[in-house]
Amino acid sequence: TDQQSKLNEILRTLGVLDVQKMNLHDKVKEISKEIEVTKKELEEEYGQINIDLKDGSYTDIEKEDEK
């Protein structure tokens with residue numbers, strides 16, 4: 001019975017971890033959507049730029065001439 005109790009506790013813990021993992025996946029999706037919204041807002045305000053997230057500096061993206 002001791003072994004079965006240990007197994008049941010481990011299985012219960014795994015279930016909790018799975019729920020936490022799903023919640024984290026949802027948070028990743030949510031934050032990714034927020035990032036995309038922010039990118040669009042920045043692009044509307046500043047045009048197409050590359051932003052260095054370490055220091056906040058940015059450079060314009062040069063478009064290649066279309067032929």
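Confidence differs between the elements of this predicted model. Helix α1 has the highest mean pLDDT among the elements of the protein chain, at 96, while strand β2, residues 58-60, has the lowest, at 84. For the protein chain taken as a whole the mean pLDDT is 91, and 94% of its residues reach 70 or more. Where pLDDT is low, the predicted coordinates should not be read in detail.

Helix α1 covers residues 2-46, and the charged side chains described below can be followed along this helix. How many salt bridges does a search of the whole structure find? The search finds 3.

One of them joins K6 to D2, with N and O 3.5 Å apart. Both residues belong to helix α1 and are separated by 4 residues, about one turn of the helix. K6 has a relative accessibility of 52% and therefore counts as exposed, the cut-off for that class being over 50%.

Another salt bridge links the side chains of R12 and E9, at an N to O distance of 3.0 Å. R12 and E9 are also both in helix α1, here 3 residues apart, which again is about one turn of the helix. Is E9 buried or exposed? Its relative accessibility is 41%, so E9 falls in between and counts as partly exposed.

Further along the numbering, K39 forms a salt bridge with E36, and the closest N and O atoms are 3.5 Å apart. K39 and E36 are separated by about one helical turn because they are 3 residues apart in helix α1. Both partners count as partly exposed: K39 has a relative accessibility of 48%, and E36 has one of 40%. Neither value is under 20%, the limit for buried, or over 50%, the limit for exposed, so the intermediate class applies to K39 and E36.

The remaining feature concerns charges of one sign. Which residues gather in a patch of negative charge on the surface? They are E41, E43, E44 and E45. E45 is found in helix α1, and its relative accessible area is 59%, so E45 is exposed. A residue can belong to such a patch only with over 30% relative accessible area and no salt bridge. E45 meets the area condition because its value of 59% is over 30%.

Taken together, helix α1 holds the pairs K6 and D2, R12 and E9, and K39 and E36, as well as the patch member E45.

Conventions. Residues are numbered from 1 along each chain as its sequence is written. This is a predicted model: local features need pLDDT of at least 70, side-chain atom pairs count only at pLDDT 80 or more; totals for chains, interfaces and linings use all residues. Side-chain values use heavy atoms; hydrogens and water are left out. Patches are made of residues with over 30% relative accessible area and no salt bridge: like charges are joined within 9 Å, nonpolar side chains (Val, Leu, Ile, Met, Phe, Trp, Tyr) within 5 Å. Accessible areas come from the Shrake-Rupley method with a 1.4 Å probe; for residues, only the protein chains shown count as cover. A salt bridge is a side-chain nitrogen of Lys or Arg within 4 Å of a carboxyl oxygen of Asp or Glu. Lys and Arg count as positive and Asp and Glu as negative; His and the chain ends are not counted. The place of a charge is taken as NZ of Lys, CZ of Arg, CG of Asp or CD of Glu. Helices (H or I, at least four residues) and strands (E, at least two) are DSSP runs, numbered from the N terminus. Buried means under 20% relative accessible area, exposed over 50%, partly exposed in between (1.4 Å probe, protein chains only). pLDDT is the predictor's confidence in each residue, from 0 to 100.
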